[in-house]
Structures are given as structure tokens and as C-alpha cells.
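User: Can you walk me through this one? I'm new to reading structures.
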Amino acid sequence: MKALEEKILKEGTVLPGDVLKVGSFLNQRVDTVFLKKMAEETKRLFEGIEVTKVLTVEASGIAFATAVAMELGVPMVFAKKHPSANVSGEQYFSPVYSFTHKTTYDIAVSKEYIQPTDKILITDDFLANGNALKGLIDIVKQAGAKVAGCCAEIEKGFQGGGDALRAAGYKVESLAIVEKMENGSIVFRG
Ligand code: 5GP
């Protein structure tokens, strides 16, 4: 998505450790007009594929997943990262290694929110090594549901998570794929 690439070049900052900071429009301050455009583009990319739910992980995945789910007219479910008093009943769990926090934690989804008949579009803000998406795929499988595809707002292609999932047969679409981040400059996959 050209407009997203332009926005990343204009507003993004490369931090040490291969972290791209896009807090001005995506991670902390959310550009809602642009978010809608990204959701519309996601709908276009998954045209013709049946989706009954959008699944993401808290916290920074929620805005995009909600916007996509609204475009598709389906519910959005997010996995919790922390044990919560608001969750009752049985849950699916999957361990996820966090790229940003360098620790492993369990993500959890209440069993009542995913049915075996669901066709699930998994979304996230970033796709790096693919651990967050793999954890969400694991939860969809535990529920006996189907993965309709995966979509990240920004994929860091050089970290390989997206290509590994494509090689495993999943439809993975990212709205922008960063191929290189060197000396503060950002190069997109052509
Ligand atoms: P993965 O699990 O694919 O290695 O990393 C994806 C997760 O880590 C996303 O949920 C995202 O929150 C976080 N993440 C990974 N790389 C970046 C980055 O460069 N910038 C930001 N803001 N978050 C990232």
C-alpha cells in the first residue's frame, strides 16, 4: 500500500534492535481516517475469501483488527496477554515469545469466542519473526476452526516470519513490507 509506505517514510523512526517506531499514526496516536483506508485495503486483499471473525492480540493489534472487522461486518476477538479477572470459563492458551519485551508469555482466548465453524482472519500491527501470528494460529487450531489468512499492517520482511508462514501454505498479506532498515533508512520490498 503506497500511502502506508509514504507515511512510514515520513513519520517512522528506526530504533536500535530493528524496531520501527510508528507511534504517531499507528501504535499510540491512531490516525483513524488512515486506519479506515488500511481496513478497506485489507478487505480488498481478502475479497472472495470467507471470514467469520477477525482475531488479534492485545494491545496494539486491537485498533487495526477492529477496523478490519467493521469493514467485513464480522466480530473481532483479541487474545489477552495477561491473566484477567474479567475472563471466566475455559480458555485456549499459547506461549508467545515477545519481540519487543524479549520474554515468553501465554496469550489466552476464552473458548466460547471461537467455534469450529469459524473462518478466521488473523491480524496484527507488526509481523516480524512471526511468533505472535503463530500463537494465534495455534489457538485457532486448538478450537478446530480454520485460518482464512493473516494480515499485518507492517511486515519486517528481513525477519522472515511472513515468508515462513507463506511457505507453510498460509495466505499472508501485509500492507507494507520493509525489506531493510539500515542507518535509519527504510527500504520496502519492491
Ligand atoms: P513477531 O511475533 O512477529 O516477532 O513480532 C510481532 C509483534 O511484536 C507485534 O505484535 C508487535 O506488537 C511487536 N513488534 C515487532 N516488531 C515491531 C516493531 O518494529 N515496532 C513495533 N512498534 N512493534 C513491533
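**Strands, helices and a pocket**

Analyst: Start with one pair: the bridge partner of Ile-154 is Ala-176, in β9. Strands here are DSSP runs (E, at least two residues), helices are runs of H or I with at least four, and both are numbered from the N terminus.

User: Is that from an experiment or a prediction?

Analyst: This is a predicted model, where local features need pLDDT of at least 70, side-chain atom pairs count only at pLDDT 80 or more, and totals for chains, interfaces and linings use all residues. Residues are numbered from 1 along each chain as its sequence is written, and side-chain values use heavy atoms, with hydrogens and water left out.

User: Back to the strands. How many bridges join β8 to β9?

Analyst: Six, and the two strands run parallel. Strands count as paired if DSSP finds at least two bridges between them.

User: What's the order of the whole sheet?

Analyst: The order is β4-β3-β7-β8-β9-β10. That is six strands in an open sheet with mixed pairing. β4 and β10 are the edge strands, so called because each pairs on one side only. On average, neighbouring strands are turned by 30° against each other, direction ignored.

User: Which strands does α1 lie across?

Analyst: β8, β9 and β10. α1 runs at about 170° to β10. Axes are lines fitted to C-alpha atoms, for helices over the stretch in contact, and angles run from 0 to 180 degrees between N-to-C directions. α3 also packs on the sheet, touching β7, β8 and β9. The direction of α3 makes about 120° with that of β9.

User: Which residues of α1 are buried?

Analyst: In α1 (residues 2-11), they are Leu-4, Glu-5, Lys-7 and Ile-8. They cover an arc of only 165° around the axis, which puts them on the same side of α1. The arc is that of the directions from the helix axis to the C-beta atoms. On the other side, Lys-2, Leu-9 and Lys-10 are exposed. Buried means under 20% relative accessible area, exposed over 50%, partly exposed in between (1.4 Å probe, protein chains only).

User: A lysine, buried? Why does Lys-7 count as buried?

Analyst: Because its relative accessibility is 15%. Lys-7 touches Gly-12, Phe-25, Asp-31 and Phe-34, not counting residues up to four places away in sequence. Touching means heavy atoms within 4.5 Å.

User: And what does Leu-9 touch?

Analyst: Ile-186 and Phe-188, again leaving out residues up to four places away in sequence.

User: What do the buried residues of α1 pack against?

Analyst: β2 (19-21), α2 (23-27), α3 (32-45), β8 (146-156), β9 (172-182) and β10 (185-188).

User: New topic: α4. What follows it?

Analyst: Gly-73, with a positive phi near 70°. In α4 (residues 62-72), the buried residues include Phe-64 and Val-68. Among the elements covering the buried residues are α3, β3 (53-57) and β4 (76-79).

User: Last one. What is the volume of the largest pocket?

Analyst: About 700 Å³. A volume is the space filled by probe spheres set on grid points, which are joined across faces, edges and corners. On a 1 Å grid over the protein atoms alone, a pocket is an open set of points where a 1.4 Å probe fits, with protein on both sides within 12 Å along at least five of seven lines.

User: Which residues lie nearest its centre?

Analyst: Ser-60, Phe-99, Thr-100, Asp-125 and Phe-126, out of 32 lining residues. Lining residues have an atom within 4 Å of a point. β7 gives the most to the lining, with four residues.
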